[in-house]
Amino acid sequence: MNKLLVGNIGDIDLKGSRTLNIRNKQIALFRLSDGEVLAVENRCPHKGGALSEGMVCGGVVHCPLHDWRIDLRSGAVQEPDEGCVETYEVEVDRSSGAIYVTIDSLSGAEKGA
């Protein structure tokens with residue numbers, strides 16, 4: 001497991017998102033209205049819609065293509081649909097605002113943004 005510095009809390013507006021490309025994976029970071037930052041795979045399991053372009057309501061993002069609802073904490077698609085997306089552990093350093101995302105088996109040289 002590798003904890004990567006991916007940005008600063010000031011880089012993401014409240015209720016906004018940001019995308020990262022790490023090891024051929026696109027990850028969406030979301031900053032919820034309460035300031036919490038969550039990270040998920042930026043691809044809806046239905047038709048591949050970019051979740052970073054979806055609308056967030058509470059802790060759920062609505063896929064912009066077909067309105068599938070994905071829980072940003074668990075990655076689970078809400079009923080009546082089925083599926084899930086990968087989630088990533090996020091840590092925000094409250095003193096500096098640095099955002100870290102934990103990714104499995106990744107060297108720093110492979111990181112791209």
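Is Asp-67 buried, exposed or partly exposed? Asp-67 counts as partly exposed, at 41% relative accessibility. The legends below return to this residue after a look at the whole chain, which is a predicted model.

**View 1. The whole protein is built from strands, with 10 strands and 0 helices.**
Reading along the sequence, you meet the pattern β-β-β-β-β-β-β-β-β-β. The C-alpha trace spans about 40 × 30 × 20 Å along its principal axes. The radius of gyration is 13 Å, which agrees with the value near 13 Å for a compact globule of 113 residues. Of those 113 residues, 41% count as buried. Among contacts with a separation of 6 or more, 41% join residues 24 or more positions apart.

**View 2. Residues 4-99 carry a domain annotation from UniProt.**
In an unreviewed UniProt entry, this stretch is listed as "domain: Rieske". In the model, residues 4-99 are 42% strand and 0% helix. Look for the two ends of this stretch: their C-alpha atoms are 8 Å apart.

**View 3. The largest nonpolar core has 15 residues.**
Val-6, Ile-22, Ile-27, Leu-29, Ile-99 and Ile-103 have the most contacts inside this core. Two or more residues each come from strand 1 (2-8), strand 2 (17-22), strand 3 (25-31), strand 4, strand 8 (87-92) and strand 9 (98-103). Strand 9 gives the largest share, 3 residues. A second, separate core of 14 residues includes Val-40, Cys-44, Ile-70 and Val-77.

**View 4. Here Ile-99 is shown with residues it contacts, among them Leu-29 and Val-37.**
Setting aside neighbours within four places in sequence, Ile-99 reaches a run of residues from Leu-4 through Leu-5, Val-6, Gly-7 and Asn-8 to Ile-9. Ile-12 is also in contact with Ile-99, and so are Val-90, Glu-91 and Val-92. Ile-99 is also one of the residues with the most contacts inside the core of View 3.

**View 5. Asn-42 and Ser-52 meet in the loop between strand 4 (37-41) and strand 5 (55-57).**
Asn-42 and Ser-52 are 10 residues apart along the chain, and their C-alpha atoms are separated by 6.2 Å. What does the side chain of Asn-42 offer to the backbone nitrogen of Ser-52? A polar atom of that side chain lies 2.7 Å from this nitrogen. The backbone nitrogen of Leu-51 lies 2.9 Å from a polar atom of the Asn-42 side chain. Asn-42 is buried, at 6% relative accessibility, and Ser-52 is buried too, with a relative accessible area of 16%.

**View 6. The surroundings of Asn-42 and Ser-52 include Thr-19 and Ala-28, which touch both residues.**
Leaving out residues up to four places away in sequence, Ser-52 also touches Ser-17, Phe-30 and Asn-42. On the same basis, the partners of Asn-42 include Gln-26 and Ile-27. Gly-49, Ala-50, Leu-51 and Ser-52 touch Asn-42 as well.

**View 7. The cysteines are shown in a structure with 0 disulfides.**
Cys-57 is in no disulfide, and the nearest cysteine sulfur, in Cys-63, is 14 Å away. Cys-57 is partly exposed, with a relative accessible area of 37%, whereas Cys-63 is buried, at 4%. Why is there no bond between Cys-63 and Cys-44? Their sulfur atoms are 3.8 Å apart, and that is too far for a bond. A disulfide is a covalent bond between the sulfur atoms of two cysteines.

**View 8. The peptide bond from Glu-79 to Pro-80 is cis.**
Omega for this bond is near 10°. You can find Pro-80 in the loop between strand 7 (69-71) and strand 8. For background, most peptide bonds are trans.

**View 9. Asn-24 and Asp-67 each have a positive phi.**
Most residues other than glycine have a negative phi. Phi is near 60° for Asn-24 and near 65° for Asp-67. Asn-24 is in the loop between strand 2 and strand 3, and Asp-67 is in the loop between strand 6 (60-62) and strand 7. Asn-24 counts as exposed, at 86% relative accessibility; Asp-67, from the opening question, is partly exposed at 41%.

Note on methods:
Residues are numbered from 1 along each chain as its sequence is written. This is a predicted model: local features need pLDDT of at least 70, side-chain atom pairs count only at pLDDT 80 or more; totals for chains, interfaces and linings use all residues. Side-chain values use heavy atoms; hydrogens and water are left out. Helices (H or I, at least four residues) and strands (E, at least two) are DSSP runs, numbered from the N terminus. Buried means under 20% relative accessible area, exposed over 50%, partly exposed in between (1.4 Å probe, protein chains only). Contact means heavy atoms within 4.5 Å. UniProt positions are given in the numbering used here, feature names are shortened, and annotations may be inferred rather than shown by experiment. A polar contact is a pair of N or O atoms within 3.5 Å; within protein, one must be able to donate a hydrogen and the other to accept it, and residues adjacent in sequence count only if both atoms are side-chain atoms. A disulfide is a pair of cysteine sulfur atoms within 2.5 Å. A nonpolar core is a set of buried Ala, Val, Leu, Ile, Met, Phe, Trp, Tyr and Cys residues joined through side-chain atoms within 4.5 Å. The radius of gyration is taken over C-alpha atoms; the globule rule is 2.2 Å times the number of residues to the power 0.38.
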